[in-house]
Amino acid sequence: MRVTADRERCVGSGQCELLAPEVFEVDDDGAVRVLQPEPDDDAAVRDAVQQCPTGALSLEG
Amino acid sequence: MTVAPEGVAPEDVAPEDVAPEDVAPEDVAPEDVAPEDVDLASVDLSDRTWWTTPPAYRHAAFDRLRRERPFAFFAEPDIPGIPAGPGYHAVTRYADLEAISSQPAVFCSGRGAVSMQDVPAELHEFFGSLISMDDPRHAKIRRIVSKTFTPRMLERTLDSVRAIVDDVLARTRAKAEAGDGTIDVVADIAAPIPLRVICDMMGVPEQDRPGVLANSNIVLSGGDPELIENDDPLTAFLTAGMEMAALMERLAAERMTDPRDDLTTALVRSEVDGEKLSHQEIASFFILLLVAGNETTRNAISQGLLALAEHPDQRARWAADPGLDRTGVEEVVRWVSPVTWMRRTATQDGEINGLRFTAGEKFLLFYAAANRDPAVFADPQRFDVGRDPNPHVGFGSKGPHFCLGAHLARRELQVTFRAIFDQLPDLEVTGPPDRLASSFVNGLKRLPARLGGDG
């Protein structure tokens, strides 16, 4: 499973960080940073990608 | 069966006259109002007084609208000084709301997101700031603040939030003990906590805080005559806005020469595309934070405590299990939906889930209705502090305008409810709430309660 983030679309709502803090973090620029681009397959990570308000996160594999 | 609106004006009933068993007679249990009991022809979402009818009645009406008229059209209310526009579609289905909210280019916010009427752009940007702005400008300005509201940053403020909550509850206890035990949940608990938290973050001095509270009440009064007093609503809004802007100008000037570790300093120092934010932009942002950071959390606290009083089994369950703090707060936000709606305006002709629309048509996204949509929530009229998953839209739906303060609100509410269970276990709601006559904010003006009763 591979996670990517579009930092231009991100508005820094931090919903992903709330659901999967080990994988996502809103950084000092107010946009998401992917801490683990290839996390273990995990429901929380999938939820985070699916629930992103601006659709800034994508999942492959 | 018919349900009358609140028949008894709160000032007619002294708190001591209301026995606990008479709790909230207007808060009829949802199962007691069938959607079929609602006369759909009498439902006018533009009528401020309709919003003081019992919540069970309103939700029954939303059930009917969702089922039968999912894009019901309503005329806009008359407000002196503002021409009434063409009307709006009331969006009540979760799926429709999400579809509109997630297409900001087709359904924009820049023509007004917080008023049914079109108001001059300067006015709605002044009061709505980011809320009434579209990308790319919205995204740029939002970034400045979103850094301050990340989960990581907010963990650092958690200790001060706890200290504020403990102090407010201690004062409430002292007030009850000094008197006959009666308190007002709104004035004593729900109002001061978020006000102090947001004023701390912004660095608002103690002596300016009562003015901030009074002015934010007016801006979000929805025209409720009790809060507007002698002025017409438009004049009152403008005066309140001017006073808050003047406070911001003063604080901003102070921070330019004497920077501190607060949000106001971050705002005056920040730049968008190499330009500093204008004083007006800073002032309207400040108004947004003060107003949005105050009223919404206040109403989640007061209405959450009311919901817990009406569902004693859920209160006992949550109080006994701190593991429910997360789901409990999410359920309070779903149940209360502190912000009832936001508006979008079509930028082009199109079709959405069967509805053809033309450019300029308005849509009001009724979060309160979507949050009880049976297509998404099992048994939606049941208050369940363990509900999980709970994909409510109480902080907004998909799209770039998702609530900036969601994390702050969640942490604040989790701390507050846990502290109330621990420190005010004897808190007992003793009478019906006095509801704010506003379609926009689901507010309580008063909620009588008692501490130290015999149970």
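Here are four short exercises, with worked solutions, on a predicted model.

**Exercise 1. The make-up of chain B**

Find how many helices and strands chain B has, and what share of its residues is buried.

*Solution.* Start with the secondary structure: chain B holds 16 helices and 14 strands. Next, turn to burial: of the 455 residues in chain B, 47% are buried. Finally, look at how the contacts spread along the sequence. Among the contacts in chain B with a separation of 6 or more, 74% join residues 24 or more positions apart.

**Exercise 2. Helix H12 of chain B and the core**

Work out whether H12(B) is enclosed or not by the rest of the structure, then follow H12(B) into the largest nonpolar core.

*Solution.* Begin with the geometry. Helix H12 of chain B runs over residues 279-310, which is 32 residues, and spans 46 Å from first C-alpha to last, close to the 46 Å expected at 1.5 Å a residue. Now count burial: 28 of those 32 residues are buried, so H12(B) is largely enclosed by the rest of the structure.

Then move to the core. The largest nonpolar core has 131 residues, and the ones with the most contacts inside it are A:Ala48, B:Phe286, B:Leu364, B:Leu365 and B:Phe366. H12(B) supplies the largest share of this core, 16 residues. To zoom in, take B:Phe286: beyond its neighbours within four places in sequence, B:Phe286 touches B:Met202, B:Met244 and B:Met248.

**Exercise 3. Where the two chains meet**

Describe the side of chain B that touches chain A, by element and by residue class.

*Solution.* First, the head count: the contact draws 14 residues from chain B and 14 residues from chain A. Second, the elements: on the chain B side, those giving two or more residues are helix H4 (137-146), helix H5 (151-178) and helix H16 (406-423). H4(B) gives the most, with four residues. Third, the classes: this side of chain B has five nonpolar, four polar and five charged residues.

**Exercise 4. A glutamate in chain A**

Decide whether A:Glu17 is buried or exposed, and list its contacts beyond the neighbours within four places in sequence.

*Solution.* Locate the residue first: A:Glu17 lies in helix H1 of chain A, residues 15-19. Then apply the cut-off for burial, 20 or more other C-beta atoms within 10 Å. A:Glu17 has 22 C-beta neighbours inside 10 Å, so A:Glu17 counts as buried. Leaving aside neighbours within four places in sequence, the contacts of A:Glu17 are A:Phe24, A:Glu25, A:Val26 and, from chain B, B:Pro151. As a last step, check A:Arg33: A:Glu17 and A:Arg33 are 16 residues apart in sequence, and their C-alpha atoms are 9.6 Å apart in space.

Terms used:
Residues numbered from 1 in each chain as written. Chains lettered and ligands numbered in written order. Predicted model: local features only at pLDDT ≥ 70, side-chain atom pairs only at ≥ 80, totals over all residues. Contact = placed C-beta atoms within 7 Å. Nonpolar A, V, L, I, M, F, W, Y, C, P; charged D, E, K, R; others polar. Buried ≥ 20, exposed ≤ 12 C-beta atoms within 10 Å, placed from the backbone. Expected span 1.5 Å × (residues − 1). Core = buried A, V, L, I, M, F, W, Y, C linked by C-beta atoms within 7 Å.
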